[in-house]
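Me: I've got a model open on my screen and I'd like to talk through a few bits of it. Can you take my questions one by one?

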Amino acid sequence: MSELFAYPDDREEASAAQVKALEALLIEKGVITGSTVDKVLGYFESEMTPLNGKKIVARAWVDPEFARLLATDTPKAIAQLDLPEGMAGAEGEHIAAVVNEPGVHNLVICSLCSCFPWPVLGLPPYWYKDPVFRARAAREPRVVLAELGVELDDDTEVRVWDSSGHSRWFVVPARPSGTEGWSEEQLAELVTTESMIGVALPGPAA
Amino acid sequence: MAIDISTLNYDETGHVKFHSSCSSDLEQPVFDAEWQRRAFGLAVALSEFGHYAWEDFQRELIAAIGSWQSAPDDEKGRWEYYRHWVTALDTVVRRHGLLEEGYVNPEDRD
């Protein structure tokens, strides 16, 4: 078999075996228990989802006082909402919101690895971790946004926020017009993960 | 394989594909394989239970990705995010002595 064809499958199997052996060793040595990893994964998969971010943005849209606090002390604002326990853990303590406003569009990337505000957005999509996205979004954000369908006026400033261990950014997009009188639940439906990264705008009100 | 960072590609449904292995479709599963999911959970669990600071893991992940990015194109291989994740996990476990004789869990320390 040529090396070209052998390589991906072999690598895949080697990685799987490496992870399995590591977990088994750590259990055997008493560092973790047999259920530790499943508990953590279950928590992430059920509680740490974009639903939290949608609720936060919807509240900011209806409550200017909350919006102000969200922009200045994001963890304190989030703590006011009835969200799952643990929002302040798993890097939640480093979460910071940036707000889109007339003339300013925010875009979040992580140029070094894949820092992401898990508690409010869940785990990042594939492309967020991709070297092409990371490199191009840092170098030519306006072009990348246009290619993704976010057409901005020439006089709209694009601010790129590079997430890191110190700050994990998410975007509070602008409330779509035509949503006057909508409930928070209805508004939350308009908010997408992509709009909270800054690569899309929330859907127009139907 | 060299990475072409000059253009974006589109799939047949019009979604952007930054790379052959990814698209902007958020409905795609976060993990390609169960080992990736367990590697994620293991790294987070060890940090959450105090065996190392998350920043220590991040530093190793950044280093692993950095050495991939600076490798010559013909040695790079394709982009596989969770390969770097596993490299970082392995390094941080070793550096913190989690598998060494005499390692004491944080909750059992004085």
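Reply: Sure, starting with a helix pair: α3(A) and α4(A) are oblique to each other, where angles under 35 degrees count as roughly parallel, over 145 as roughly antiparallel, 65 to 115 as roughly perpendicular and the rest as oblique. This is a predicted model, where local features need pLDDT of at least 70, side-chain atom pairs count only at pLDDT 80 or more, and totals for chains, interfaces and linings use all residues. Residues are numbered from 1 along each chain as written, chains are lettered from A and ligands numbered from 1 in written order, and side-chain values use heavy atoms, without hydrogens and water.

Me: At what angle do α3 and α4 of chain A pack?

Reply: Helix α3 of chain A covers residues 50-62 and helix α4 of chain A residues 64-72. Their axes are 5 Å apart. The angle (0 to 180 degrees, between N-to-C directions of lines fitted to C-alpha atoms over the stretch in contact) is about 125°.

Me: Is B:Gln36 buried or exposed?

Reply: B:Gln36 sits in helix α1 (residues 34-48) of chain B. Buried means under 20% relative accessible area, exposed over 50%, partly exposed in between, with a 1.4 Å probe and protein chains only. At 8% relative accessibility, B:Gln36 therefore counts as buried.

Me: Which residue in β3(A) stands opposite A:Leu107?

Reply: A:Leu107 points from β2(A) the same way as A:His105 and A:Ile109, and all are buried. Six bridges join β2(A) to the parallel strand β3 (residues 157-162) of chain A; pairing takes at least two bridges in DSSP. Opposite A:Leu107 in β3(A) is A:Val160.

Key: Helix = DSSP H or I, 4+ residues; strand = E, 2+ residues; numbered from the N terminus.
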